[in-house]
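Hi,

Here is the structure I promised to pass on to you. Have a look at it first, and then read my notes underneath.

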Amino acid sequence: MSGLVIKNTGSWYTVLTDDGQTIDCKIKGNFRLRGIRSTNPIAVGDRVTVNIGADQTTAFITEIEERRNWIIRKSQNLSKQSHILAANVDQVFLIVTVNYPETNTTFIDRFLASAEAYRIPVVLIFNKKDLLSEEESEYQQMMIDLYENVGYECKAISATDKACTDELHDMLRDKITLFSGNSGVGKSTLLNSLIPGLNLRTAEISESHNTGMHTTTFSEMLRLPFGGWAIDTPGIKGFGTFDINPEELSGYFRDIFHFAKDCRFSDCTHTHEPGCAVLKAVEEQYIALSRYNSYLSMLNDKDEGKYREAY
């Protein structure tokens, strides 16, 4: 039988079958021998085939349908190569905060570039606007202006304000949306507001380090009451990019790609070459320095050999 993976605990997978059953499944060990170099060869959002074992009590996932897209990041476990956050998604809500805790622009830019690589739209949700000082609110608006000018949709909300979260319904309705972000940005609080009765566990921010603590420990698809699915994932501290070729990287930065077409050399790396239109645009502030530095940091990932090449 066929179905949709709606929960991944790391050892068990819950599959919603096409006839409406929910079945807890394991995977055969040979999945790890088919060139799938990942901490999770099956991800939430995957379409799979399920077979019941000979004992009639254990179900196994035996096949994965071809994915139309996925969001992937560098695994902290080098031997496993990568970690797939979710598969077959329509869009991502990247939850960010300018404080309590602070989401840095390098994290945002790395996530956006990875999503561009797989043509997945991203909406930036700036949460906790109710907690910001006047100075922090001004900084948040500067970030919103930056990313809207690049071409990304941005929304400033408070996850505890129902009027704010109700405005998101039309953006989420009848879509599969991955919710992601650093630990502590209020992802679970937002989902609790969108899905009455959900009661996901939340935690206070560490006052000493202004950082969030992990409350979600596994990935799960949650049905939205107004239509569609939300994919809840554990908070992530960093976003190591995976399997992006340096030659292609500028194409995943919309603002850099816009100017790169005017570079003197077609293979310009936008780091030192004469006649580089990107360097000129950075100097003239048409490209934000933070965005350019994020681009350089991703180039350095490869140059320094931090990440192994994909198989």
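Below is what I found, starting with the whole chain and then moving to a few strands.

Please keep in mind that this is a predicted model. The mean pLDDT of the chain is 87, with 84% of the residues at 70 or more. Two stretches deserve some caution. Residues 205-214 have a pLDDT below 50, although the model gives this stretch 25 contacts beyond near neighbours in sequence. Residues 303-311 are also below 50, and there the model shows 18 such contacts. Where pLDDT is low, the predicted coordinates should not be read in detail, so I would not lean on individual contacts in places like that.

Now the overall picture. The chain has 311 residues, and 51% of them count as buried. Its secondary structure comprises nine helices and 13 strands. If you count contacts between residues at least 6 apart in sequence, 64% of them join residues at least 24 apart. The exposed surface comes to about 15300 Å², and carbon and sulfur atoms supply 47% of that area.

Strand β3, residues 22-27, is a nice place to zoom in, with side chains that alternate along its length. On one face you will find Ile 23, Cys 25 and Ile 27, which are buried. Thr 22, Asp 24 and Lys 26 point to the other face and are not buried.

Which strands does β3 pair with? One partner is β2, residues 13-17, which runs antiparallel to β3 over four bridges. Within this pairing, Leu 16 has Thr 22 as its bridge partner, and Thr 22 belongs to the face of β3 that is not buried. The two strands form a hairpin with four residues between them, where Gly 20 takes a positive phi near 95°. Another partner is β5, residues 59-64, which runs parallel to β3 and is joined to it by three bridges. Here Cys 25, one of the buried residues of β3, stands opposite Ala 59.

Further along the chain there is another parallel pair. Strand β9 (residues 122-126) and strand β10 (residues 153-156) are linked by four bridges, and Val 123 in this pairing stands opposite Glu 153 of β10. To get from β9 to β10, the chain passes through helix α2, residues 134-150, in a right-handed β-α-β crossover.

Happy to go through any of this with you at the screen.

Best wishes

Key
Residues are numbered from 1 along each chain as its sequence is written. This is a predicted model: local features need pLDDT of at least 70, side-chain atom pairs count only at pLDDT 80 or more; totals for chains, interfaces and linings use all residues. Side-chain values use heavy atoms; hydrogens and water are left out. Buried means under 20% relative accessible area, exposed over 50%, partly exposed in between (1.4 Å probe, protein chains only). Contact means heavy atoms within 4.5 Å. Accessible areas come from the Shrake-Rupley method with a 1.4 Å probe; for residues, only the protein chains shown count as cover. Two strands pair if DSSP finds at least two bridges between them. pLDDT is the predictor's confidence in each residue, from 0 to 100. A crossover is right-handed if, with the strands pointing away from the viewer, the path from the first strand over the helix to the second runs clockwise.
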